[in-house]
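User: Please take me through the reasoning behind the descriptions attached to this model.

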Amino acid sequence: MLGRIILAMVLLAAGPASAQWFHIPTPGIPRTPDGKPNLTAPTPRGPDGKPLLNGIWQMNGKYLQNIASDLKPGDVPYQPWAEQLFQARQNGALGRTDPAARCIPGMPKLDALPYPFKIIETPGMVMMLFEGFTTFRQIFTDGRELPKDPNPTWFGYSVGKWEGDDWVVNTIGIKESTWLDNAGRPHSDALHLTERFHRRDFGHMDILLTIDDPKAYTKPWTVKEDVRLIPDTELLEYVCNENNKDYDHLVGK
Amino acid sequence: MAAAAMAAVNSQAQWVQYPTAGIPRTPDGKPNLSAPALRTRDGKPDLSGIWDVLHNRPCPPEGCTDMWIPQEFLNIGWSLKGGLPYQPWAAAMVKQRMKENRIGDPNSRCLPTGIVRMYTTPLYRKFIQTPGLLVILNEREATYRQIFTDGRPLPADPQPSWVGYSTGKWDGDTLVVQTSGFRDDLWLDANGSPLTESAKITERIRRVNFGKLEIEITVDDPKAYTSPWTVKLTQLLKADTDLLDYYCIENEKDGPHLVK
């Protein structure tokens, strides 16, 4: 379902782009002698020596379809009910029950969207602005603790801190109805996500995503997602429910 | 509405009651809303904060609902003597829209509110002022708006959009934001006052003091209005809290039941 929306949006985006901020030079980017962004330049660092994460990034699209696409069969440690539900969702059998079908992807699917997203670091909070669904996450870096008994939300509650050169984000309190990927991997209200952002060089970043959800999986499991910098551009507007034709054709409850 | 009601119950355990760091406070620890506006390192007023509408519309006898709308939500020209200077076709259309119970209102279909209605929607907005960019995060549909203050020009031939393309520059202590590139079919209020693709909107945003923002909005849309018009909106600071995610579309049941 989402795949079709994605395709439509990509096609739309390609047309009118030239007249807009779609092609605007990003200041402060290292460039090769011919003026192109040097994406293999060293990781930029702030005055505190920590890597800077600011910029517009794009996730490898395969993880939205299948978050475990780099794992071997059998590597995902399902609890029996979670595996049954995952199997029941195969081939779109329950596509209508994915909140993303109604334009609310939630976490952690949001991170895996194959559209650009922008990271903006501010004192005490890091914003992620997503082109997909024109939505955002706030990740607090002001030292606050995760809430003890959070009201579940679509994005959950996120705090971030540095561990060496990795920026580590912990998230809890995600509504249990969200899917981990389009393949339909479920989670429970016990989900604790850890994202480890590691900027390898100027143009490349890894996000190590650990899914710790003892109700749905017998042990924590980790996937490594790769993200690339998209220089000299800007986010476009994306309104999922503007002309959502898929929902009525999806099946399931 | 359900989200707001639920929040009231569960708020203890969450960040909706988390103290905001670094804000002026009175000796008893409460936010000092009449303190002067804070300034960023470059000396400009800092517009950052969570903002609510000014509740200028009396509640009905049965009491306020949890979506307590201001006058401008219904009629953006409420404060103007003689109302908005509609072109004849626009006046006729507004009349028709009201007669039809506003059935075509994009807001009722959970579509984007656009930049003017975002200020009159009784949910919170968070301004975050960063070098080169002012970001507005909205509770409603968890969307955002970017206002570029890095000196870039407005695009010459923009792809029409719900929120348009916005740039801002400082005029003394007032941030002047220019926006163009709108769709041709936007609503500025629940009455259905139109906004067309010919529109340019200027916002003059001034932080009167720590607790208050004044936003003077000038709509220059010759296709729909006979002259440019200006209204002033007030936004009030909400300290010691944070945004919740509010999705109109989450359990939307109204659509099929709306009638003319």
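The exchange below concerns a predicted model.

User: What makes chain A as compact as a globular protein of its length?

Analyst: The comparison rests on the radius of gyration, taken over C-alpha atoms. For chain A the radius is 19 Å, and the globule rule gives 18 Å for 253 residues; the two values are close, so chain A is as compact as a globular protein of that length. Along the principal axes, its C-alpha atoms fill a box of roughly 55 × 45 × 35 Å.

User: Which secondary structure elements does chain A hold, and in what pattern?

Analyst: Chain A has four helices and nine strands. Along the sequence the pattern reads α-β-α-α-α-β-β-β-β-β-β-β-β.

User: How many of the residues of chain A count as buried, and on what criterion?

Analyst: A residue is called buried if 20 or more other C-beta atoms lie within 10 Å of its own. By that criterion, 37% of the 253 residues of chain A are buried.

User: What share of the contacts in chain A joins residues at least 24 apart?

Analyst: Of the contacts between residues at least 6 apart in sequence, 62% do so.

User: Which elements of chain B supply the side that touches chain A?

Analyst: The contact takes 31 residues from chain A and 32 residues from chain B. On the chain B side, helix 1 (2-10), strand 2 (125-130) and strand 3 (133-138) each supply at least two residues. Helix 1 of chain B gives the most, with three residues.

User: How do the residues on that side of chain B divide by character?

Analyst: They comprise 22 nonpolar, six polar and four charged residues.

Conventions
Residues numbered from 1 in each chain as written. Chains lettered and ligands numbered in written order. Predicted model: local features only at pLDDT ≥ 70, side-chain atom pairs only at ≥ 80, totals over all residues. Rg over C-alpha atoms; globule rule 2.2 N^0.38 Å. Buried ≥ 20, exposed ≤ 12 C-beta atoms within 10 Å, placed from the backbone. Contact = placed C-beta atoms within 7 Å. Nonpolar A, V, L, I, M, F, W, Y, C, P; charged D, E, K, R; others polar.
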